[in-house]
Structures are given as C-alpha cells and as structure tokens.
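User: I'm new to reading protein models and would like some help with this one. Could you walk me through a close look at one part of it?

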Amino acid sequence: MKSDIFETELNYIKDEKIRESARYLLEKLPDYFYTMPASTSGKYHPAFSLGEGGLMRHTKAAVRIAIELFRDNIFNTFEFGEQTQDLIIMALLLHDGFKQGKEADGHTVYDHPLIAAHFVFENITKLPMDQLDALQVRRLIASHMGPWNTDKTGKIVLPIPKRDDEIFVHLCDYMASRNFLNINFLDNEIVDSAERGQVKVLKK
C-alpha cells in the first residue's frame with residue numbers, strides 16, 4: 001500500500017477512525033505525491049525535501065514538527081485535546097496531496113489547498129470518522145498556505161488561517177519548508193541524534 005510509507009506518522013493518530021480515514025485518503029492521492037520533490041525549482045525548501053520523494057519527506061517533517069510542539073508545554077495555551085491533535089496530523093498528511101493539481105503538470109498550482117480540501121469533502125461519506133471532524137480537516141487544509149493566499153494576478157483565492165488550529169497547521173508547514181532546516185532521514189524515516197551516524201545523504 002502507498003500509505004505504508006507514512007506508517008510512523010499514522011500511528012501518531014490515537015483515534016482509530018481518524019487514523020483509518022487518513023490512511024484511506026492517502027491511498028487515493030495521486031501517485032506523484034509520493035515521488036516528486038517539494039520544490040521543483042529547489043528554491044523554496046530545504047535539501048531533505050528536494051529530489052525524488054521530497055514532498056513526502058516534507059510532509060513527514062511537518063507532522064514531526066507538530067508532534068514536537070504538542071510535547072512542548074508552552075503550546076498548552078492552544079488547549080488542543082487529543083482529538084484536535086489527531087485532526088491536525090491528518091490535515092498535515094494531506095495538505096500537499098494535490099500540489100501539482102489532480103494530475104501532475106510540472107509545477108505547483110496556487111489553489112492546491114482548495115483541491116485537497118475538496119478532495120476530503122468529496123470522500124466524506126466514505127470515511128469512518130465523524131463528518132464534522134472531516135470538515136475540520138478540510139478547513140485546516142484549505143488555509144495552510146497562510147499569507148501566500150493569492151494567484152498569479154494577486155487575487156486572493158485562499159483563506160487566511162485565523163483559528164488556533166489553522167494557525168498551528170500553517171506554522172508546521174511553514175517551518176518544514178524553511179531552507180535553513182536540516183532534518184536527517186534514513187530510508188525515508190526521520191532519525192534522531194543516536195542514529196545520525198547511519199544517515200544516508202539524499203541526492204538533490
């Protein structure tokens with residue numbers, strides 16, 4: 001199964017129905033999501049998210065950033081319960097699922113958050129999770145671009161994150177795309193300091 005590459009991230013989701021809904025939708029994403037770089041130009045993402053599978057690694061990084069922030073007591077000010085945390089993880093897993101549109105056309109499409117959000121809505125009756133929760137995931141995905149919410153003409157086309165959960169999702173995506181960031185991967189899994197001696201250098 002395609003979604004097996006995200007087994008670590010799926011297992012962060014405690015609610016079984018939310019986890020299986022995320023798995024179902026990951027299976028239905030375009031194949032290119034699992035193979036393309038996060039940035040086709042190489043300008044806007046760190047080295048670990050370039051090259052084959054880069055977008056998938058960017059997604060893993062965004063989820064891991066969320067997990068680390070959940071563990072930081074200062075973020076208790078957001079008062080995210082376990083269910084909201086699960087929905088945030090699900091949204092991050094799916095947020096760039098249609099980055100080049102429904103079919104890869106070689107570059108990022110500006111409305112990819114809306115395409116991914118609508119994808120959740122299109123499948124809402126097929127998901128084991130509560131439909132209101134699915135609509136929350138849809139909302140989180142739609143606003144994940146933050147201030148980068150215009151098309152090429154400058155027209156506003158994407159919603160700005162306003163609620164705490166929307167801001168949090170945008171923050172995780174934003175941090176995972178910073179050029180200065182260095183996250184170590186081994187066989188497409190994030191590795192911690194004890195394992196760094198085995199890290200493979202990813203080709204750009």
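Among contacts between residues at least 6 apart in sequence, what percentage join residues at least 24 apart? After that, please zoom in on the salt bridges: how many does the structure hold?

Analyst: Sure! Keep in mind that this is a predicted model. On your opening question, 62% of the contacts between residues at least 6 apart in sequence join residues at least 24 apart.

Here's the setting for the close-up. The protein has seven helices and two strands, and from the N terminus on they run α-α-α-α-α-α-α-β-β. The C-alpha trace spans about 45 × 40 × 35 Å along its principal axes. For 204 residues, a compact globule would have a radius of gyration near 17 Å, and the 16 Å found here agrees with that. Buried residues make up 50% of the 204.

Now the charges. There are 25 positive and 30 negative side chains, and the centres of these two sets lie 5 Å apart. As for your count, the structure holds ten salt bridges. Let's visit some of them.

Start with Asp31 and Lys2, whose closest N and O atoms are 3.0 Å apart in their salt bridge. This pair links distant parts of the chain, with Asp31 in the loop between helix 2 and helix 3 and Lys2 in the segment before helix 1, 29 residues apart. Asp31 counts as exposed because its relative accessibility is 55%. Lys2, at 27%, counts as partly exposed.

Next come Glu9 and Lys60, whose side chains meet in a salt bridge at 2.9 Å, N to O. Again the pair links distant parts of the chain: Glu9 sits in helix 1 and Lys60 in helix 3, 51 residues apart. Glu9 and Lys60 are both buried. Look at Thr8, which also has its place in helix 1. Thr8 is partly exposed, since its relative accessible area is 32%.

Then there's Arg139, which forms a salt bridge with Asp165, their closest N and O atoms being 3.0 Å apart. Arg139 lies in helix 6 and Asp165 in helix 7, so this pair ties together parts that are 26 residues apart in sequence. Why do the two partners get different labels? Arg139 counts as partly exposed because its relative accessibility is 22%, while Asp165 is buried because its relative accessible area is 8%. The cut-off that splits them is that buried means under 20%.

Salt bridges can also join up: Arg64, Glu68, Arg71 and Asp192 are linked in a network of them.

Before we stop, here's one more stretch to look at, helix 5 (residues 112-122). Its buried residues are His112, Pro113, Ile115, Ala116, Ala117, Phe119 and Val120. What covers these buried residues of helix 5? The cover includes helix 2, helix 4 and helix 6. Helix 6 should ring a bell, as Arg139 lies there.

Definitions and conventions
Residues numbered from 1 in each chain as written. Predicted model: local features only at pLDDT ≥ 70, side-chain atom pairs only at ≥ 80, totals over all residues. Heavy atoms only, no water. Buried < 20%, exposed > 50% of the residue type's maximum accessible area, 1.4 Å probe, protein only. Helix = DSSP H or I, 4+ residues; strand = E, 2+ residues; numbered from the N terminus. Contact = heavy atoms within 4.5 Å. Rg over C-alpha atoms; globule rule 2.2 N^0.38 Å. Lys, Arg positive; Asp, Glu negative; His and termini not counted. Charge placed at Lys NZ, Arg CZ, Asp CG, Glu CD. Salt bridge = Lys/Arg side-chain N within 4 Å of Asp/Glu carboxyl O.
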